[in-house]
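Me: I would like to go through this model step by step, with each answer argued from the geometry and closed on the value or name in question. Could we begin with the sheets and then move on to helices, empty space and backbone?

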Amino acid sequence: MIDLRSDTVTKPSEKMRRAMAEAEVGDDVYGEDPTVNLLEAKAAEVFRREAAIFMPTGTMGNVTAIRLHTQHGQEVICEARSHVLDWEMGMIAAFAGCQVRTVAAERGILTWAHIAPVIAPSIYYRAQTGLICVENTHNMAGGTVTPVVVFEEIWAEAKKAELPVHLDGARVFNAAVALNLSVAELTRGFDTVMFCLSKGLGAPVGSMLVGSKELIAKARSVRKALGGGMRQAGVLAAAGLIALEEGPGRLAHDHVNARILAEAVAESGLVEIDLEAVQTNIVIFKLIAGDAAAYVERLKTRGVLASAIGPDAVRFVTHLDVDRSVCERAAEIAVEELER
């Protein structure tokens with residue numbers, strides 16, 4: 001099967017498996033797992049931050065950050081198709097005790113012009129804005145990338161408004177590659193950043209939250225409350241270290257492969273697709289006529305796995321386990337099934 005459902009489906013490499021088997025471990029709740037400690041130090045170094053914490057999942061990393069920055073009864077501003085809103089089980093409300101103030105933005109790129117009008121006025125009978133949450137790359141907008149100049153305005157204006165800013169950077173390394181920037185430069189103004197080791201970077205498990213020493217110290221308590229106090233977690237962190245060191249350097253190949261898929265379905269004339277929005281490893285298109293679920297099922301019978309993300313919308317995601325030749329074959333099948 002050619003699995004294009006997500007970049008979370010990758011299998012650990014032999015090098016990762018060996019590292020996991022041989023990892024030096026200890027009890028991480030006591031802060032005694034040397035491999036976890038090394039991963040956290042490495043992540044902090046890469047993002048030029050004071051500290052980092054290893055999280056089992058990106059959802060836990062995001063809700064931990066939201067809890068750190070807000071008080072119950074406040075609002076979190078985010079884009080209308082954000083992962084924190086649609087795919088994280090309502091934890092902004094259930095755990096952080098906040099409600100969401102959404103803004104629809106073209107290609108998912110949230111700007112200060114979108115944010116400023118929805119910041120709550122300072123009156124006692126309105127829920128107050130507690131946090132701005134941005135996503136880069138933006139999953140449901142098709143892996144689109146927010147340029148750093150857009151962030152620079154958000155950082156500057158949010159500081160004036162005394163509002164913290166969190167980045168859901170699950171695929172921020174993809175964004176950095178697309179913009180030819182380091183992740184440290186691209187994220188330098190955020191109070192906290194969450195990124196996934198288990199998406200494009202290829203680790204089997206795990207995400208990281210980076211920030212100040214003070215915030216990350218508090219994050220340890222929040223992680224524990226969520227059930228994220230792992231013990232000999234070095235067996236997972238060992239794979240994360242390899243992902244962090246080796247994964248970013250090959251992401252450009254995924255972007256090229258996504259373009260192959262996008263251009264093939266676009267040339268069929270049977271879909272609606274914004275080719276300019278295909279900037280990283282995600283391809284989203286709408287069927288002009290047809291049922292996305294039925295189309296995805298037909299692809300499956302031909303050996304291609306994809307995701308139906310709406311009645312007429314389909315998503316492909318490229319990753320390290322599908323090379324160019326495999327993606328070219330998937331593109332052929334995708335077009336053939338569109339033409340049926």
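Me: In the open sheet of seven strands, what is the strand order, and which strands stand at the edges?
Reply: The model is a predicted one, and in it seven strands with mixed pairing form an open sheet in the order 2-8-7-6-5-3-4. The twist from one strand to the next averages 20 degrees. One side of each edge strand is left without a neighbour in the sheet, because each has a single partner strand; the two strands at the edges are strand 2 (51-55) and strand 4 (99-103).

Me: In which sense do strand 2 and strand 8 pair, and which residue in strand 8 is the bridge partner of M55?
Reply: Strand 2 and strand 8 (residues 207-211) are joined over five bridges, and their pairing is antiparallel. For M55, the bridge partner in strand 8 is S207.

Me: Which strands does helix 3 lie across, and at about what angle does it run to strand 7?
Reply: Helix 3 covers residues 58-69. The strands that helix 3 lies across are strand 2, strand 3 (75-79), strand 5 (129-135), strand 6 (165-168), strand 7 (192-196) and strand 8. Relative to strand 7, helix 3 runs at about 175 degrees.

Me: Helix 3 also packs with helix 10, so what are the angle and the handedness of that crossing?
Reply: Helix 10 spans residues 213-225, and its axis and that of helix 3 are 10 Å apart at an angle of about 115 degrees. On the helix 3 side the contact is made by M60, T64, R67, L68 and H69, and on the helix 10 side by L215, K218, A219, V222 and R223. These residues divide into five nonpolar, two polar and three charged. The angle is thus about 115 degrees, and the crossing is right-handed.

Me: How do the residues of the contact of helix 1 with helix 11 divide by character?
Reply: Helix 1 (residues 14-22) and helix 11 pack with their axes 7 Å apart, at an angle of about 145 degrees, and their crossing is right-handed. K15, M16, A19 and M20 of helix 1 meet V235, L236, A238, A239, I242, A243 and E246 of helix 11. By character, the residues of this contact are nine nonpolar, no polar and two charged.

Me: Which residues does L236 touch, leaving out those up to four places away in sequence?
Reply: L236 lies in helix 11 (residues 234-246). Its C-alpha atom is 17 Å from that of K224, a residue 12 places away along the chain. With residues up to four places away left out, the contacts of L236 are M20, F54, V205 and M230.

Me: What is the order of the open sheet of four strands, and which helix packs on it?
Reply: The four strands are paired antiparallel in the order 9-10-13-12. Strand 9 (271-272) and strand 12 (307-308) each have a single partner strand, so one side of each lacks a neighbour in the sheet. Between strand 9 and strand 10 there are two bridges, and V271 has L287 of strand 10 as its bridge partner. The helix that touches strand 9, strand 10 and strand 13 (313-317), with a direction at about 15 degrees to that of strand 10, is helix 12 (residues 251-267).

Me: Which strand gives the most to the lining of the largest pocket?
Reply: The largest pocket holds about 380 Å³ of space. It is lined by 20 residues, of which R81, M140, A141, I284 and K286 are the closest to its centre. The lining divides into 12 nonpolar, two polar and six charged residues. The most, five residues, comes from strand 10 (residues 282-287).

Me: How much space lies in the largest cavity, and which helix gives the largest share of its lining?
Reply: The structure holds one cavity of 30 Å³ or more, and the lining of the largest cavity divides into six nonpolar, two polar and two charged residues. Among the residues that line it are F173, C196 and L251. The space is about 40 Å³, and the largest share of the lining, three residues, is given by helix 8 (residues 172-179).

Me: Where is the cis peptide bond that involves T137?
Reply: Most peptide bonds are trans. T137 is placed in the loop between strand 5 and helix 7 (148-160). With omega at about 0 degrees, the cis bond joins N136 and T137.

Conventions. Residues numbered from 1 in each chain as written. Predicted model: local features only at pLDDT ≥ 70, side-chain atom pairs only at ≥ 80, totals over all residues. Heavy atoms only, no water. Axes fitted to C-alpha atoms, helices over the stretch in contact; angles between N-to-C directions. Left-handed = near helix turned anticlockwise from the far one by under 90°. Contact = heavy atoms within 4.5 Å. Nonpolar A, V, L, I, M, F, W, Y, C, P; charged D, E, K, R; others polar. 1 Å grid on protein atoms, 1.4 Å probe; cavity = no way out; pocket = protein on both sides within 12 Å on 5 of 7 lines; lining within 4 Å. Points joined across faces, edges and corners; volume = space filled by probe spheres on them. Pairing = 2+ DSSP bridges.
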